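Hi everyone, thanks for coming along. Today I'd like to walk you through one structure, slowly and from the outside in. Please have a look at it while I talk.

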Amino acid sequence: MYNNIIFITIYVTVLIDQAFGRTPLTSISPKKTWEGALVGLTGCIATCLLLSKILSWPTSALGAIGFGFLNFFGSLYGDLLESMIKRDVGVKDSGSLIPSHGNFSFSFTGVKMSFYLF
């Protein structure tokens, strides 16, 4: 379940960053913005609430909100960690499969980092 939540969150955040992002989140990854992060957090929590209704897990809305919160920040931390590693190595993009997104490795790094939280 958390894989889907993170993938949805990452792609919604990328779209919002490209369309509306104005305020950089950090110098580590200059294309990430506060606007994208806020929409990503909201989308992650909303996705968790929706899936909790469909799958009946977590059973409470508060649990789903907490699950969404942890998933989002684990994913964001994973993305920023990969960006730091790329900057240290001197690589701009880790792939070209998805334009202006880098690679699926961002998504999988986010999945791995949020998995460690649980």
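I'll start with the overall picture, then go to the core, the cysteines, a serine and finally the aromatic rings.

One thing to keep in mind is that this is a predicted model. The chain has 118 residues, and 41% of them are buried. How many helices and strands are there in the chain? There are four helices and zero strands. If you read along the sequence, you get the pattern α-α-α-α. We can also look at contacts between residues at least 6 apart in sequence: 61% of those join residues at least 24 apart. As for the surface, the chain exposes about 6900 Å², and carbon and sulfur atoms supply 71% of that area.

Now let's step inside. In soluble globular proteins, nonpolar side chains tend to be buried together. Here the largest nonpolar core has 13 residues, and the members that touch the most other members are Ile5, Cys48, Phe72 and Leu76. Helix α2, residues 34–55, and helix α3, residues 61–89, each supply at least two residues of this core. The largest share comes from α2, with six residues.

Let's stay with Cys48 for a moment. Is Cys48 buried or exposed? It has a relative accessibility of 0%, so Cys48 counts as buried. Leaving out residues up to four places away in sequence, Cys48 touches Ile5, Ala64, Phe67, Gly68 and Asn71.

When you see a cysteine, you may wonder about disulfides. A disulfide is a covalent bond between the sulfur atoms of two cysteines. A search of the whole structure finds zero of them. Cys44 is in no disulfide, and its nearest cysteine sulfur, in Cys48, is 4.7 Å away. Why is there no bond between these two? Because a disulfide needs the sulfur atoms within 2.5 Å, and 4.7 Å is too far for a bond. Cys44 is buried too, because its relative accessibility is 1%.

Next, a polar residue: Ser52, which is also found in helix α2. With 7% relative accessibility, Ser52 counts as buried. What does the side chain of Ser52 reach? It reaches the backbone oxygen of Leu49, at 2.8 Å. Beyond four places away in sequence, Ser52 touches Trp57, Pro58 and Ala64.

Trp57 brings us to the aromatic rings. The whole structure holds three aromatic pairs. In one of them, the rings of Trp57 and Phe67 have their centres 5.3 Å apart and their planes at 80 degrees, so the pair is edge-to-face. Trp57 sits in the loop between α2 and α3, while Phe67 is in helix α3, ten residues apart. Trp57 is partly exposed, at 48% relative accessibility, whereas Phe67 is buried, at 8%.

Phe72 and Phe73 form an edge-to-face pair as well, with 5.0 Å from centre to centre and 80 degrees between the planes. You met Phe72 earlier, as a member of the largest nonpolar core. Phe72 is buried, with a relative accessible area of 5%. Phe73, on the other hand, counts as partly exposed, at 38% relative accessibility. Together with Phe69, these two residues form one aromatic cluster.

That's my tour, and I'm happy to take your questions.

How values were computed:
Residues numbered from 1 in each chain as written. Predicted model: local features only at pLDDT ≥ 70, side-chain atom pairs only at ≥ 80, totals over all residues. Heavy atoms only, no water. Core = buried A, V, L, I, M, F, W, Y, C linked by side-chain atoms within 4.5 Å. Buried < 20%, exposed > 50% of the residue type's maximum accessible area, 1.4 Å probe, protein only. Contact = heavy atoms within 4.5 Å. Phe/Tyr/Trp six-rings, centres within 6.5 Å; stacked < 30°, edge-to-face > 60°. Areas by Shrake-Rupley, 256 points an atom, 1.4 Å probe, with all protein chains shown as cover. Polar contact = N/O pair within 3.5 Å; in protein donor to acceptor, adjacent residues only side chain to side chain.
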